[in-house]
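This report looks at how the interior of one protein chain is packed and at which charged side chains are paired. The reader is invited to inspect the model alongside the text.

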Amino acid sequence: MDVIRLLGIRDTPLSVDEVLGAVGDHAAGGTAVFVGTVREQDHGRPVTLLSYSAHPSAGEVLRQVAEKVAGDYPVTALAAVHRVGDLRLGDIAVVVAVACPHRGEAFEACRKLIDDLKDEVPIWKHQVFADGDAEWVGACG
């Protein structure tokens with residue numbers, strides 16, 4: 001059975017329950033979940049709106065990132081979804097979860113998954129500040 005249970009780039013609201021449910025596994029003693037939300041400030045400047053855009057290859061790159069994490073850690077189940085489109089303060093932008101036999105492995109693998117997703121998956125953030133200024137932030141290097 002494939003340990004990668006759920007991957008997606010979506011333009012609809014994300015569900016933590018869906019991601020957590022996808023990684024449920026009786027072989028796992030630990031499950032770690034990361035939820036990224038739109039915050040009200042960036043570098044001390046008030047943010048009013050975020051918009052995420054993804055390159056057409058983003059889903060394929062996300063799968064490669066997930067496969068690497070699953071290969072490097074004793075993962076029993078893994079899931080990751082990222083939102084695109086306009087998001088408001090408090091909206092969920094990304095949810096990742098990893099289940100492993102032990103909690104320490106789950107924490108490490110989850111951290112690696114979200115860090116590599118942000119570094120490698122071609123998703124960009126356009127943020128609008130309260131003063132009307134805006135900037136593009138590359139979510140991948």
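In this predicted model, L78 is in contact with V3, I4, R5, L6, L7, V23, A66, V69, A70, A97, V98 and L113, once its neighbours within four places in sequence are left aside. L78 also belongs to the largest nonpolar core, which has 32 residues, and it is listed with V96, V98, L113 and V121 as having the most contacts inside that core. Two of these residues, V98 and L113, are thus among the contacts of L78 itself.

Several elements give two or more residues to this core, namely the strands β4 (45-54), β5 (77-83), β7 (92-100) and β8 (123-129) together with the helices α2 (58-72) and α3 (103-120). Helix α2 gives the most, with 7 residues. Apart from this core there is a second, separate one of 12 residues, which includes V19, A22, I92 and A99.

Turning to the charged side chains, the structure holds 10 salt bridges, and the table gives three of them with the distance between the closest N and O atoms.

| Pair | Closest N and O atoms |
|---|---|
| D2 and R63 | 3.9 Å |
| R39 and D42 | 3.0 Å |
| R63 and E67 | 4.0 Å |

What does the pair formed by D2 and R63 tie together? D2 lies in the segment before β1 (4-10), whereas R63 lies in helix α2, so their salt bridge ties together parts that are 61 residues apart in sequence. D2 counts as partly exposed, at 43% relative accessibility, and R63 is likewise partly exposed, with a relative accessible area of 33%.

R63 has a further partner in E67, with the closest N and O atoms 4.0 Å apart, and because these two residues are 4 residues apart in helix α2, they are separated by about one helical turn. E67, at 42% relative accessibility, counts as partly exposed too. Through the partners that these salt bridges share, D2, R63 and E67 are joined into one network.

Is the acidic partner of R39 buried or exposed? R39 forms its salt bridge with D42, and D42, at 8% relative accessibility, counts as buried, because the cut-off for that class is under 20% relative accessible area.

Definitions and conventions:
Residues are numbered from 1 along each chain as its sequence is written. This is a predicted model: local features need pLDDT of at least 70, side-chain atom pairs count only at pLDDT 80 or more; totals for chains, interfaces and linings use all residues. Side-chain values use heavy atoms; hydrogens and water are left out. A nonpolar core is a set of buried Ala, Val, Leu, Ile, Met, Phe, Trp, Tyr and Cys residues joined through side-chain atoms within 4.5 Å. Buried means under 20% relative accessible area, exposed over 50%, partly exposed in between (1.4 Å probe, protein chains only). Contact means heavy atoms within 4.5 Å.
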